[in-house]
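Visitor: I should like to examine this model residue by residue, with the criteria made explicit. May we begin once it is on display?

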Amino acid sequence: MKIRHILYGAFAFSAFLTSCDEVDKADRYIYVEPATVARHVLIEDFTGQKCINCPKAHEVIEHLQAQYGEENVVAVSIHAGQLAVKGSNDTRFLKTDLGDEYNNYWKIEAWPMGIINRVSGVAAHTEWATYVHNEIQKPTSLKLNVIPAFDPNTRELTLNVEGYGLDNMKGKLQLWIVEDHIVAQQLMPDGSMNREYVHNNVFRTAVNGKWGTDFSVAYNETTRETFTTTLKESWKAENVSVVAFVYNDAGVVQVIKQKIQ
């Protein structure tokens, strides 16, 4: 009990000592007229459990998914940096070493921040709607599909990835494991601690390396790849999905999120 008291106190205290993106209440979400969907859009949401403004970014994601459809706006919440918390119990503390590597690569020093389709640069959450609106209308050169096969006894997950070329395309395929519906503590915009906060889109690990593997398709042809990984016992398989995306120097070509069960 004493340890828990100290931890929660540290959450609140560090929130005031570490940089957090400050946004006026009136600017939490800027409405943008819906666009015609031509491709899916990836939001890499850099967040943390000690970040008092990060729930506002989560609200923006929910608005955008309601506006365009969850299958068309795919978010991955990467707990990283000084306002994220790492511990031995990863059902309560959501920071990862790999998430920190991504955070450092993009030089993120205030949270929440996001990257939209790898074209926006590091952007405040009040800008996400505009970037999503623009990206979702662009054509794509790729149809992407993932067929998962999960063995609950061994916890082994096999991912069969198919890419169909709408044009000739070369890039990198990235496979990430994410988990939804994780109940864990979160500092809120009013400074209170919500110990029953529901975290979604939580980045867990990369299946095929930090920056993915080479992936190319030819026009009117299909490329197939197979990957395997093993899920931790602490991750609830019914809440686990794979986020697959292909990117190149022009940004994210296509992205999908697929439940493993």
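Visitor: Does Arg 118 count as buried or exposed?
Guide: This is a predicted model, in which local features need pLDDT (the predictor's confidence in each residue, from 0 to 100) of at least 70, side-chain atom pairs count only at pLDDT 80 or more, and totals for chains, interfaces and linings use all residues. Residues are numbered from 1 along each chain as its sequence is written, and side-chain values use heavy atoms, with hydrogens and water left out. Buried means under 20% relative accessible area, exposed over 50%, and partly exposed in between (1.4 Å probe, protein chains only). With a relative accessibility of 15%, Arg 118 therefore counts as buried.

Visitor: What is the mean pLDDT of the protein chain?
Guide: Residues 1-18 have pLDDT below 50, and 86% of the residues of the chain reach 70 or more. The mean pLDDT of the protein chain is 90.

Visitor: What is the approximate phi of Asn 117?
Guide: Asn 117 is found in the loop between E3 and H4, where helices (H or I, at least four residues) and strands (E, at least two) are DSSP runs numbered from the N terminus. Arg 118 lies in that loop too, and its phi is positive, near 60°, in a residue other than glycine. Asn 117 is buried, at 0% relative accessible area. Asn 117 is not a glycine either, yet has a positive phi of about 55°.

Visitor: Which residue does a cis peptide bond join to Trp 111?
Guide: The partner is placed in the loop between H3 and E3. Omega is about 0° for the bond, which joins Trp 111 to Pro 112.

Visitor: Which residues touch the most other members of the largest nonpolar core?
Guide: A nonpolar core is a set of buried Ala, Val, Leu, Ile, Met, Phe, Trp, Tyr and Cys residues joined through side-chain atoms within 4.5 Å. Of the 26 residues in the largest one, those touching the most other members are Leu 42, Val 76, Trp 176, Val 243 and Phe 245.

Visitor: Which elements each supply at least two residues of this core?
Guide: One of them is a helix, H3 (97-105). The strands are E1 (41-47), E2 (73-79), E3 (113-116), E6 (169-179), E9 (202-206), E12 (240-248) and E13 (251-259). Apart from this core lies another of 25 residues, including Leu 144 and Leu 173. For the largest core, the full set is thus H3 with E1, E2, E3, E6, E9, E12 and E13.

Visitor: Is the disulfide between Cys 51 and Cys 54 right-handed or left-handed?
Guide: The structure holds one disulfide, a term for a pair of cysteine sulfur atoms within 2.5 Å. It joins Cys 51 to Cys 54 with an S to S distance of 2.4 Å. Cys 51 is buried at 0% relative accessible area, and Cys 54 likewise at 0%. The torsion about the S-S bond is about 90°, so the disulfide is right-handed.

Visitor: Which residue's backbone oxygen does the side chain of Gln 186 reach?
Guide: Gln 186 lies in strand E7 (residues 182-187) and is buried, with a relative accessible area of 0%. Among the residues it contacts (heavy atoms within 4.5 Å), not counting residues up to four places away in sequence, are Cys 51, Cys 54 and Tyr 197. At 3.1 Å, the side chain of Gln 186 reaches the backbone oxygen of Gly 48.

Visitor: How many residues apart in sequence are the parts tied together by Asp 180 and Lys 257?
Guide: The side chains of Asp 180 and Lys 257 meet in a salt bridge (a side-chain nitrogen of Lys or Arg within 4 Å of a carboxyl oxygen of Asp or Glu) at 3.0 Å, N to O. Asp 180 is buried at 8% relative accessible area, whereas Lys 257 is partly exposed at 28%. Asp 180 lies in the loop between E6 and E7 and Lys 257 in strand E13, so the separation of the parts is 77 residues.

Visitor: Which residue forms a salt bridge with Glu 135?
Guide: Glu 135 is one of the buried residues of helix H4 (residues 128-135), with a relative accessible area of 4%. What covers the buried residues of H4 includes E1, helix H2 (54-68), E2 and E3. The partner of Glu 135 is partly exposed, at 36% relative accessible area. At 2.5 Å, N to O, the side chain of Glu 135 meets that of Lys 138.

Methods. Polar contact = N/O pair within 3.5 Å; in protein donor to acceptor, adjacent residues only side chain to side chain.
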